Amino acid sequence: YATKYYNVGGTMHIKSDPQGGRSDKYDDIFLNAKAINITSEIEILKSRPLMERVVKKRGLNVSYFALGKIKELNIYKQTPINLECFKIKDSSRAFGFKINFSDHERFKINSETKSFKLGDVFENNYGVFRFVRVPSVPIGKDYNVIWQPVSSAAAGFAGSLQITPKSVGTGILNINMLTTNSQLGADIINDVMLEYDSVTIEEKNLQAERALKFIDQQIDTLDLQLKKIQREELAFKQREGIIDVA
């Protein structure tokens with residue numbers, strides 16, 4: 001009767017320029033290129049902003065649980081209903097719905113007397129919502145649906161990540177997560193890797209954009225200085241009557 005936990009893991013390789021190797025001068029001057037600090041990269045992988053990108057991508061701030069007589073099961077990707085939020089009155093606080101189905105269409109929320117039908121829009125103290133049917137997934141009797149802010153969900157998932165170097169001196173990292181739903185853990189770990197790659201590319205593009213902007217500004221400054229010198233040279237020639245400088 002105990003809730004099962006799954007240890008989900010993945011491996012990723014963070015490439016780094018070898019220490020002491022020659023690199024492009026442009027990277028050295030403008031992009032601050034240097035050997036990657038594995039400890040810093042681990043902190044980035046475990047950071048809340050990175051996990052928030054994963055939560056938003058997967059909609060993980062809404063969790064679905066099937067309630068049994070003894071325990072509840074996380075039914076990620078196996079839920080027969082989906083929550084749609086039209087208006088949330090207080091987006092800084094988490095809230096939940098206890099759903100009880102009387103048949104395959106009608107249900108009650110939080111033991112209230114009024115019943116609703118799947119697809120009906122309803123309003124309560126938390127906001128305006130609707131539950132819609134997920135095709136091909138059978139409906140049980142009792143469910144628990146929890147909504148929480150993206151930042152809170154991200155903090156919880158990020159705190160459950162365990163990231164360690166596979167061996168000393170390499171850029172290979174082991175990423176593990178203990179979870180009650182193996183598919184949820186696999187999706188989170190895979191998306192953390194993908195979002196880390198996206199963040200790295202975005203940072204490099206931003207650095208390159210700043211470097212090019214700086215170069216353009218310097219070119220404009222040098223162009224103005226050169227034109228000033230050319231005007232002074234022309235004025236000197238005219239004043240002294242010089243035709244052939246040589």
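Colleague: How many aromatic pairs does the structure hold?
Modeller: This is a predicted model. Rings of Phe, Tyr and Trp pair if their centres lie within 6.5 Å. By that cut-off, the number of aromatic pairs in the structure is 15.

Colleague: Is the pair of Phe95 and Trp147 stacked or edge-to-face?
Modeller: A pair of aromatic rings is described by the distance of the centres and the angle of the planes. For Phe95 and Trp147, the centres are 5.1 Å apart and the planes differ by 15 degrees. Planes under 30 degrees apart count as stacked, so the pair of Phe95 and Trp147 is stacked.

Colleague: How many residues apart are Phe95 and Trp147?
Modeller: Phe95 sits in strand β5, and Trp147 sits in strand β10. The pair links distant parts of the chain. Their separation is 52 residues.

Colleague: How many bridges join β5 to β10?
Modeller: β5 covers residues 95-101 and runs antiparallel to β10. Phe97 stands opposite Val145 in β10. The number of bridges joining β5 to β10 is 6.

Colleague: Which residue in β10 is the bridge partner of Tyr64?
Modeller: Strand β2 spans residues 62-67, and strand β10 spans residues 142-147. They run antiparallel, joined by 5 bridges. In β10, the bridge partner of Tyr64 is Val145.

Colleague: Which are the edge strands of the open sheet β4-β9-β8?
Modeller: The sheet has 3 strands, and their pairing is antiparallel. From one strand to the next, the twist averages 30 degrees. An edge strand here pairs on one side only. The edge strands are β4 (81-88) and β8 (121-124).

Colleague: Which residue in β9 is the bridge partner of Asn124?
Modeller: β9 takes in residues 127-133. β8 and β9 pair in the antiparallel sense over 4 bridges. In β9, the partner of Asn124 is Gly127.

Colleague: Now the helices. What does the angle between α3 and α5 make α3 to α5: perpendicular or oblique?
Modeller: Helix α3 holds residues 48-58, and helix α5 holds residues 182-240. Their axes come within 9 Å and cross at roughly 120 degrees. Angles of 65 to 115 count as roughly perpendicular, and over 145 as roughly antiparallel. The angle here falls in neither range, so α3 is to α5 oblique.

Colleague: How many charged residues does the contact of α3 with α5 have?
Modeller: The crossing is right-handed. On α3, the contact residues include Leu50, Met51 and Arg53; on α5, they include Asp187, Ile188 and Tyr196. By class, there are 8 nonpolar residues and 1 polar residue. The number of charged residues is 7.

Conventions: Residues numbered from 1 in each chain as written. Predicted model: local features only at pLDDT ≥ 70, side-chain atom pairs only at ≥ 80, totals over all residues. Heavy atoms only, no water. Axes fitted to C-alpha atoms, helices over the stretch in contact; angles between N-to-C directions. Helix = DSSP H or I, 4+ residues; strand = E, 2+ residues; numbered from the N terminus. Parallel < 35°, antiparallel > 145°, perpendicular 65-115°, else oblique. Left-handed = near helix turned anticlockwise from the far one by under 90°. Contact = heavy atoms within 4.5 Å. Nonpolar A, V, L, I, M, F, W, Y, C, P; charged D, E, K, R; others polar. Pairing = 2+ DSSP bridges. Phe/Tyr/Trp six-rings, centres within 6.5 Å; stacked < 30°, edge-to-face > 60°.
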